[in-house]
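Please load the model in your viewer and keep the selection panel at hand, since each stop on this tour begins with something to select.

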Amino acid sequence: FLDRNLQRLILNTLAANYPDRTTESQLKELGSQGDVTKSLLYLSEHGLITGGATRSNQGWHITAATITAHGLDIAEDDGGLSAPG
């Protein structure tokens with residue numbers, strides 16, 4: 001169910017566009033709509049991104065997203081500002 005490779009690809013894509021938002025069309029290019037939507041929701045629930053997916057009467061839709069500071073730390077895999085120096 002959880003596609004860690006896709007999650008890492010999404011985080012790296014958002015990091016490359018930071019501080020700008022990554023567009024809906026850029027996100028849709030990363031994989032199937034269902035898989036990308038699941039990954040965006042998961043990353044959002046963990047506070048790693050803002051935006052990414054919304055729900056309407058017609059179901060889930062991919063939307064523009066931005067990586068958070070915590071998401072950047074995860075993408076860089078260096079522990080961020082709280083890492084021992």
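Begin with T22, which sits in the loop between α1 and α2; bear in mind throughout that this is a predicted model. Is T22 buried or exposed? Its relative accessible area is 0%, so T22 is buried. Show the side chains of T22 and N17 together, and you will find a polar contact of 2.9 Å joining them. If you then display the surroundings of T22, leaving out residues up to four places away in sequence, the residues that T22 touches are T13, L14, N17, L27, A64 and A65.

Stay in this loop and select P19, which also belongs to the stretch between α1 and α2. The peptide bond leading from Y18 to P19 is cis, with omega near 10 degrees. For background, most peptide bonds are trans.

Next, select helix α1, residues 4-17. At its start, a side-chain oxygen of D3 comes to within 3.2 Å of the backbone nitrogen of N5. What span should α1 have, and how far apart are its end C-alpha atoms? With 14 residues at 1.5 Å a residue, α1 should span 20 Å, and its end C-alpha atoms are 20 Å apart, which agrees.

Now colour α1 by accessibility: L6, Q7, I10, L11, T13 and L14 are buried. Looking down the axis of α1, you will see that these buried residues fall within an arc of 160 degrees, so they line one face of the helix. An α-helix has 3.6 residues a turn, so residues three or four places apart point the same way. On the other side of α1, N5 and A16 are exposed. The buried residues of α1 pack against α2, α3, β1, β2 and α4.

Two residues of this helix deserve a closer look. L11, which lies in α1, is buried because its relative accessible area of 4% is under the 20% cut-off. Its contacts, apart from neighbours within four places in sequence, are L43, L48, I49, I67, I74 and A75. A distance label between the C-alpha atoms of L11 and D73 will read 10 Å, although the two are 62 residues apart along the chain. L14, with residues up to four places away again not counted, touches T22, L27, I49, A65, T66 and I67.

Widen the selection to the largest nonpolar core, which has 16 residues. Those with the most contacts inside this core are I10, L11, L14, L27, V36, L40 and I49. The elements α1, α3, β2 and α4 each supply at least two of its residues, and α1 gives the most, with four.

Move on to α3, residues 33-45. Its 13 residues, at 1.5 Å a residue, should span 18 Å, and the 18 Å between its end C-alpha atoms agrees with this. The buried residues of α3 are V36, T37, S39, L40 and L43. They cover an arc of only 165 degrees around the axis, which puts them on the same side of α3. The partners against which these buried residues pack are α1, α2, β1 and β2.

Following α3, select G47, whose phi is positive, near 75 degrees. Keep G47 displayed and add T68, which is found in the loop between β2 and α4. The backbone oxygen of G47 lies 2.7 Å from a polar atom of the T68 side chain. T68 counts as buried, because its relative accessibility is 17% and the cut-off for that class is under 20%. Beyond its neighbours within four places in sequence, T68 is in contact with G47, L48, I49 and T50.

From there, turn to the strands β1 (residues 49-56) and β2 (residues 59-67), which run antiparallel and are joined by seven bridges. A hairpin of two residues connects β1 to β2. To see one of the bridge pairs, select R55 together with its partner in β2, W60.

Finish at D77, in the segment after α4. Is D77 buried or exposed? D77 is exposed, with a relative accessible area of 67%. As a last distance, label the C-alpha atoms of D77 and Y18: they are 59 residues apart along the chain and separated by 16 Å.

How values were computed. Residues are numbered from 1 along each chain as its sequence is written. This is a predicted model: local features need pLDDT of at least 70, side-chain atom pairs count only at pLDDT 80 or more; totals for chains, interfaces and linings use all residues. Side-chain values use heavy atoms; hydrogens and water are left out. Two strands pair if DSSP finds at least two bridges between them. Buried means under 20% relative accessible area, exposed over 50%, partly exposed in between (1.4 Å probe, protein chains only). A nonpolar core is a set of buried Ala, Val, Leu, Ile, Met, Phe, Trp, Tyr and Cys residues joined through side-chain atoms within 4.5 Å. Contact means heavy atoms within 4.5 Å. A polar contact is a pair of N or O atoms within 3.5 Å; within protein, one must be able to donate a hydrogen and the other to accept it, and residues adjacent in sequence count only if both atoms are side-chain atoms. The expected span of a helix is 1.5 Å times one less than its number of residues. The arc is that of the directions from the helix axis to the C-beta atoms.
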